[in-house]
Each structure stands twice: as structure tokens, then as C-alpha cells.
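Here is a short set of exercises to work through with the model open beside you. Try each task before you read its solution.

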Amino acid sequence: MDAILKNNIMNLSKHFTLEEMTRSMVAARRGIDNTPGAGDIKNLENLCYEVLEPIRAKFDKPISISSGYRSEALCEAIGSKKTSQHAQGCAVDFELNGVANIKVAYWLVNNVDFDQCILEYYKPDDGQAGWIHVSYNEKGDNRKQILTFDGKKYTNGFPDMKWKNGKVVE
Ligand SMILES: [Zn+2]
């Protein structure tokens with residue numbers, strides 16, 4: 001078990017590994033320990049089962065994870081708050097190649113349980129800009145808070161989807 005955890009090759013769910021949910025270039029470069037504890041791993045598993053797997057199944061495309069778990073040391077190094085849900089393994093930043101983030105975000109909030117979903121660095125004319133931040137707490141403890149961040153300020157809810165030739169602007 002220790003050897004497996006050391007290499008982080010453990011599968012958290014069918015399509016997601018502990019390795020991709022803990023990977024960090026900053027941690028690798030600076031030699032920062034980004035090993036999650038047992039509770040953090042349980043939270044990451046919930047996030048994979050309850051949120052990421054349904055999205056993977058719906059869009060039938062690989063999900064690229066830019067940041068999952070962040071240890072307190074890593075949070076400090078990148079200037080993120082230690083109270084961030086990333087520090088408990090409850091949050092993940094991701095995107096789907098070739099699918100507008102807003103399209104995925106709308107499906108997510110209408111189809112799965114979640115605590116907070118933020119359309120990060122949203123740009124109206126570029127569906128690929130930014131990423132989706134989503135968090136998940138234990139069942140019954142999810143606020144379903146929806147926010148958009150345009151690089152300057154947070155607003156409640158998501159903007160309307162922009163359509164061109166009968167398709168969402170990707
Ligand atoms: Zn995030």
C-alpha cells in the first residue's frame with residue numbers, strides 16, 4: 001500500500017488516478033510535498049465519483065485536470081488560501097478539450113451534486129478560455145453556489161451561452 005501511494009498510481013475511480021489529482025508543476029520544481037492524507041484521498045474519490053465521472057460519461061471525452069489536491073505548503077507557494085477546498089481534496093480545476101467550459105458548467109450544475117462551481121477566467125468570445133473550478137462536500141453538505149470570475153470580479157450565476165450557427169461558441 002505504501003509503495004502504491006508513494007507513486008500515486010492508485011485509481012480513485014474508473015478514469016481518474018491519484019497521480020493526476022495531486023500533480024503540480026510548482027510542487028515538482030520546488031520539491032514541495034503534495035501528498036494527501038487519507039481524508040483528503042476520500043474527498044478526492046467522492047469528487048471523482050460524484051462529479052468528474054458523470055461529466056466524463058456525458059461528454060465522452062478525457063477530462064484534463066489542471067489542479068486537484070494542494071497541500072498547505074503548496075497553497076502557500078502559489079499564493080492560494082490554506083482554507084481553499086483544494087487543500088482538503090474537495091476541489092478540482094479542469095477542462096475538456098474542444099468543449100466550451102460554459103457548456104460543461106451548465107450541464108454540471110443541472111445534473112450533479114456540487115458545493116461550488118466557478119467559471120474561472122471566462123471570456124464571452126472564447127469558449128476555451130479559463131477553466132472550471134468545482135468542489136464537492138459530503139452528501140447533504142453542498143451549497144450549490146454558482147459563480148463566474150472574469151479575471152477581475154466574481155458575479156453570481158453563469159452568463160447566457162453564446163450561439164453561432166446553431167452551436168455554442170466553443
Ligand atoms: Zn480551483
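**Exercise 1: A helix and its length**

Work out whether the end-to-end distance of helix α4 agrees or disagrees with its residue count.

*Solution.* Start from the 22 residues of α4: at 1.5 Å a residue, they should span 32 Å. Next, take the end C-alpha atoms, which are 30 Å apart, so the two values agree. Keep in mind throughout that this is a predicted model.

Now follow the helix along its course. α4 covers residues 38-59, and a kink of about 40° lies at leucine 52, shortly before proline 54. Just after the helix, aspartate 60 takes a positive phi of about 50°.

**Exercise 2: What α4 packs on**

Find which strands α4 lies across, and which of its residues are buried.

*Solution.* First, the strands: α4 lies across β3, β4 (91-96) and β6. The helix runs at about 140° to β3. Then list the buried residues of α4: they are Asp40, Asn43, Leu44, Leu47, Cys48, Val51, Leu52 and Ile55. Leu52 in this list is also the site of the kink.

**Exercise 3: Tracing the sheet**

Write down the order of the six strands in the open sheet, and name its edge strands.

*Solution.* Step across the sheet and you get the order β3-β4-β6-β5-β7-β8, with mixed pairing. The edge strands are β3 (63-67) and β8 (154-156), as each pairs on one side only. From one strand to the next, the twist averages 30°.

Zoom in on one pair. Strands β5 (residues 116-120) and β6 (residues 131-135) run antiparallel and are joined by five bridges. Within this pair, leucine 119 stands opposite isoleucine 132 in β6.

Finally, add another helix. α6 (residues 101-111) lies across β4, β5, β6 and β7 (145-149), and its direction is at about 170° to β5.

**Exercise 4: Three residues, three environments**

Decide whether threonine 22, tyrosine 121 and asparagine 165 are buried, partly exposed or exposed.

*Solution.* The cut-offs you need are 20 or more other C-beta atoms within 10 Å for buried and 12 or fewer for exposed, with partly exposed in between.

- Threonine 22 is in helix α2 (residues 18-22). This residue has 23 C-beta neighbours inside 10 Å, so threonine 22 counts as buried. Its C-alpha atom is separated by 7.7 Å from that of proline 36, 14 residues apart along the chain.
- Tyrosine 121 sits in the loop between β5 and β6. With 14 other C-beta atoms within 10 Å, tyrosine 121 is partly exposed.
- Asparagine 165 lies in the loop between β9 (163-164) and β10 (167-168). Its 5 C-beta neighbours inside 10 Å make asparagine 165 count as exposed.

Now look at the backbone. Most residues other than glycine have a negative phi. Tyrosine 121, however, has a positive phi near 55°, and asparagine 165 has a positive phi near 50°.

**Exercise 5: The whole fold**

Check whether the radius of gyration agrees or disagrees with that of a compact globule.

*Solution.* For 170 residues, a compact globule would have a radius of gyration near 15 Å; the protein has 16 Å, so the two agree. The C-alpha atoms fill a box of roughly 55 × 30 × 30 Å along the principal axes.

To complete the picture, count the elements: six helices and 10 strands. Of the 170 residues, 30% count as buried. Among contacts with a separation of 6 or more, 63% come from residues 24 or more positions apart.

Conventions. Residues are numbered from 1 along each chain as its sequence is written. This is a predicted model: local features need pLDDT of at least 70, side-chain atom pairs count only at pLDDT 80 or more; totals for chains, interfaces and linings use all residues. Two strands pair if DSSP finds at least two bridges between them. Helices (H or I, at least four residues) and strands (E, at least two) are DSSP runs, numbered from the N terminus. Axes are lines fitted to C-alpha atoms, for helices over the stretch in contact, and angles run from 0 to 180 degrees between N-to-C directions. Two residues are in contact if their C-beta atoms, placed from the backbone, lie within 7 Å. The expected span of a helix is 1.5 Å times one less than its number of residues. The bend at a residue is the angle between axes fitted to the seven residues ending there and the seven starting there. The radius of gyration is taken over C-alpha atoms; the globule rule is 2.2 Å times the number of residues to the power 0.38.
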